[in-house]
Amino acid sequence: ALEQLRVSRATLVDRDGEVRRGDVVVADWDMEVDGKEGSQASRQDATLEIADGSLLPELVTGLEGAKAGETRTITANLGDRAPDPSMAGKTATFKVTV
């Protein structure tokens, strides 16, 4: 209960340096599955929490160490968390700019 209270009252602050687990970043991304953009394929100024359970594991690992302005290409299995049911279980390529 104390941890939930602490998190609910936390404020986000800008900082320089590399992305670490637990950070919240603003990112733009494009996603392709089988060489095609799917529904919800692009986002601008998306807020992402770099934490297990909030993103696909490959995205968490792939964004660790990134710096502001850096673009990374990350491949991830969508599993059952695909934004479109027709993409479930497929592999997606994300181009993410922090």
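Reader: Let's start with one residue. Where is Ala82 found in the chain?
Author: Happy to begin there, with the note that this is a predicted model. The chain has 2 helices and 4 strands, and Ala82 belongs to neither kind of element but is found in a loop. That loop is the one between β3 and β4.

Reader: Is Ala82 buried or exposed?
Author: The relative accessible area of Ala82 is 18%. A residue counts as buried when this value is under 20%. Ala82 is therefore buried.

Reader: Which residues does Ala82 touch, once those up to four places away in sequence are set aside?
Author: One residue further along the chain to look at is Ala92, 10 residues from Ala82, with 9.4 Å between the two C-alpha atoms. Contact needs heavy atoms within 4.5 Å. The residues that Ala82 touches are Met87 and Ala88.

Reader: What about Thr91: how does its accessibility class come out?
Author: Thr91 has its place in strand β4, and its relative accessibility is 43%. Buried residues lie under 20% and exposed ones over 50%, with a class in between. Thr91 therefore counts as partly exposed.

Reader: How far apart in space are Thr91 and Ala76, C-alpha to C-alpha?
Author: In sequence, these two are 15 residues apart. Thr91 is in contact with Ala76, and its other partners beyond four places in sequence are Glu32, Val33, Asp34, Thr75 and Asn77. From C-alpha to C-alpha, the separation of Thr91 and Ala76 is 5.6 Å.

Reader: In what order do the elements of the chain run from the N terminus?
Author: The helices include α1 (2–8) and α2 (57–63). Among the strands are β1 (24–33) and β2 (36–49), then β3 (71–77) and β4 (91–97). From the N terminus on, the order is α-β-β-α-β-β.

Reader: Which element gives the largest share of the largest nonpolar core?
Author: That core has 24 residues, and those with the most contacts inside it are Trp29, Met31, Leu48, Ile50, Leu63, Leu78 and Phe94. Two or more residues come from each of β1, β2, α2, β3 and β4. The largest share, 5 residues, is given by β1.

Reader: Why would such residues gather in a core?
Author: Buried residues make up 29% of the 98 residues in this chain, and the largest nonpolar core takes in 24 residues. As a general tendency in soluble globular proteins, nonpolar side chains tend to be buried together.

Reader: Which residues does Ile50 touch, not counting those up to four places away?
Author: Ile50 is among the core residues with the most contacts inside the core. Its partners in the wider structure include Leu55, Val60, Leu63 and Glu64. The rest of the list is Val19, Arg20, Arg21, Gly22, Asp23 and Val25.

Reader: Which residues are closest to the centre of the largest pocket?
Author: The largest pocket has a volume of about 680 Å³, and 24 residues line it. By class, the lining has 11 nonpolar, 4 polar and 9 charged residues. Closest to the centre are Val13, Arg15, Asp23, Val24 and Val25.

Reader: And for the second largest pocket, which element gives the most to the lining?
Author: This pocket has a volume of about 310 Å³, and the residues closest to its centre are Trp29, Leu55, Leu56, Leu59 and Phe94. Its lining has 11 nonpolar, 2 polar and 2 charged residues. At least two residues come from each of β1, β2, α2 and β4. With 3 residues, the most is given by β2.

Reader: What is the phi of Asp45 near?
Author: Asp45 lies in strand β2, and at 60% relative accessibility it counts as exposed. Most residues other than glycine have a negative phi. Asp45 has a positive value, near 55°.

Reader: Last one: what is the relative accessible area of Asp14?
Author: Asp14 is found in the loop between α1 and β1, and its C-alpha lies 9.7 Å from that of Val24, 10 residues apart in sequence. A residue is exposed when its relative accessible area is over 50%. Asp14 is exposed because its value is 82%.

Definitions and conventions: Residues numbered from 1 in each chain as written. Predicted model: local features only at pLDDT ≥ 70, side-chain atom pairs only at ≥ 80, totals over all residues. Heavy atoms only, no water. 1 Å grid on protein atoms, 1.4 Å probe; cavity = no way out; pocket = protein on both sides within 12 Å on 5 of 7 lines; lining within 4 Å. Points joined across faces, edges and corners; volume = space filled by probe spheres on them. Nonpolar A, V, L, I, M, F, W, Y, C, P; charged D, E, K, R; others polar. Buried < 20%, exposed > 50% of the residue type's maximum accessible area, 1.4 Å probe, protein only. Core = buried A, V, L, I, M, F, W, Y, C linked by side-chain atoms within 4.5 Å.
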